[in-house]
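This report introduces a single protein to a reader who has not met it before. Please keep the sequence and the model in view while reading.

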Amino acid sequence: MNASGTGQTNLTNAPGADLNPGWSPDGTRLAFDSDRSGNKDVFTMNANGTGQTNRTASSLQLDADPDWSPDGTKILFVSARGARTSVWTMNTDGGGAVDTTQASIYDADPSWSPDGAHIVFSRDAGGQTFNLWTARADGTAKLRVTDAPGTQRNSFPDWGSRAADPTSAAGRT
């Protein structure tokens, strides 16, 4: 799409909902979640819409909310494939999936730090009270950074746009 809003191109045309798209750091691919297979899964595709591939097809549980690592080698996502819904990390080809946050109840909304050394996510501490947490990229050294009272939800954290980095593909013009 052009900056004026013209030249829009539909990249997906599958049954179901295709949601939560995110660019790879080099700007050549997208990750998104879709329920086109009857289950919410994480897909990747080329920037022109070709090569749409289900990266979490082996999971029969919810897999959603993908976020590319700054170096483009990993994808964070939320999965209910374990006993609880946690933030997981996988290689961009779908292999090597690991339960990164090992949620006690429910973790969601993952995002990488710009340097890829840390992640941020929201965690339900019980009773629908969500707080923001950070951890190292491997899930260790978890630290709660907000303290929501009652049933307040702190969610959808973002470390900030990598577009401000002139060395990133997103920052080039």
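In which loop is the place of A83? A83 sits in the loop that links β6 (74–79) with β7 (86–91). Before this residue is considered further, the model as a whole deserves a description.

**Confidence.** The model is a predicted one. Its pLDDT averages 87 over the protein, and 91% of the residues reach a score of at least 70. Residues 163–173, by contrast, have a pLDDT below 50; leaving aside near neighbours in sequence, this stretch has 11 contacts in the model.

**Overall architecture.** The protein contains 12 strands and 0 helices. Read from the N terminus, the order of elements is therefore β-β-β-β-β-β-β-β-β-β-β-β, given that runs of strand residues are numbered from that end. The C-alpha trace extends about 45 × 40 × 30 Å along its principal axes. For 173 residues, a compact globule would have a radius of gyration near 16 Å, and the protein agrees with this because its own value is 16 Å.

**Contacts, surface and charge.** Of the contacts with a separation of 6 or more, 29% join residues 24 or more positions apart. Buried residues amount to 38% of the 173 residues. The exposed area of the protein is about 9,000 Å², of which carbon and sulfur atoms supply 50%. There are 14 positive and 19 negative side chains, and the centres of these two sets lie 3 Å apart.

**Three individual residues.** The table lists the relative accessible area of A83, D65 and Q102.

| Residue | Relative accessible area | Class |
|---|---|---|
| A83 | 75% | exposed |
| D65 | 24% | partly exposed |
| Q102 | 58% | exposed |

A83 counts as exposed because its value of 75% is over the 50% cut-off. D65 is partly exposed because its 24% falls between the limits of 20% and 50%.

How far apart in space are A83 and Q102, C-alpha to C-alpha? The distance is 9.3 Å, while in sequence A83 and Q102 are 19 residues apart. Q102 belongs to the loop between β8 (98–99) and β9 (106–112).

The backbone of two residues also merits attention. Most residues other than glycine have a negative phi. Q102 is not a glycine, yet its phi is positive, at about 45°. D65, also not a glycine, has a positive phi of about 55°. D65 is located in strand β5 (residues 63–68), whereas the place of Q102 is in a loop.

Technical notes. Residues are numbered from 1 along each chain as its sequence is written. This is a predicted model: local features need pLDDT of at least 70, side-chain atom pairs count only at pLDDT 80 or more; totals for chains, interfaces and linings use all residues. Side-chain values use heavy atoms; hydrogens and water are left out. pLDDT is the predictor's confidence in each residue, from 0 to 100. Contact means heavy atoms within 4.5 Å. Helices (H or I, at least four residues) and strands (E, at least two) are DSSP runs, numbered from the N terminus. The radius of gyration is taken over C-alpha atoms; the globule rule is 2.2 Å times the number of residues to the power 0.38. Buried means under 20% relative accessible area, exposed over 50%, partly exposed in between (1.4 Å probe, protein chains only). Accessible areas come from the Shrake-Rupley method with a 1.4 Å probe; for residues, only the protein chains shown count as cover. Lys and Arg count as positive and Asp and Glu as negative; His and the chain ends are not counted. The place of a charge is taken as NZ of Lys, CZ of Arg, CG of Asp or CD of Glu.
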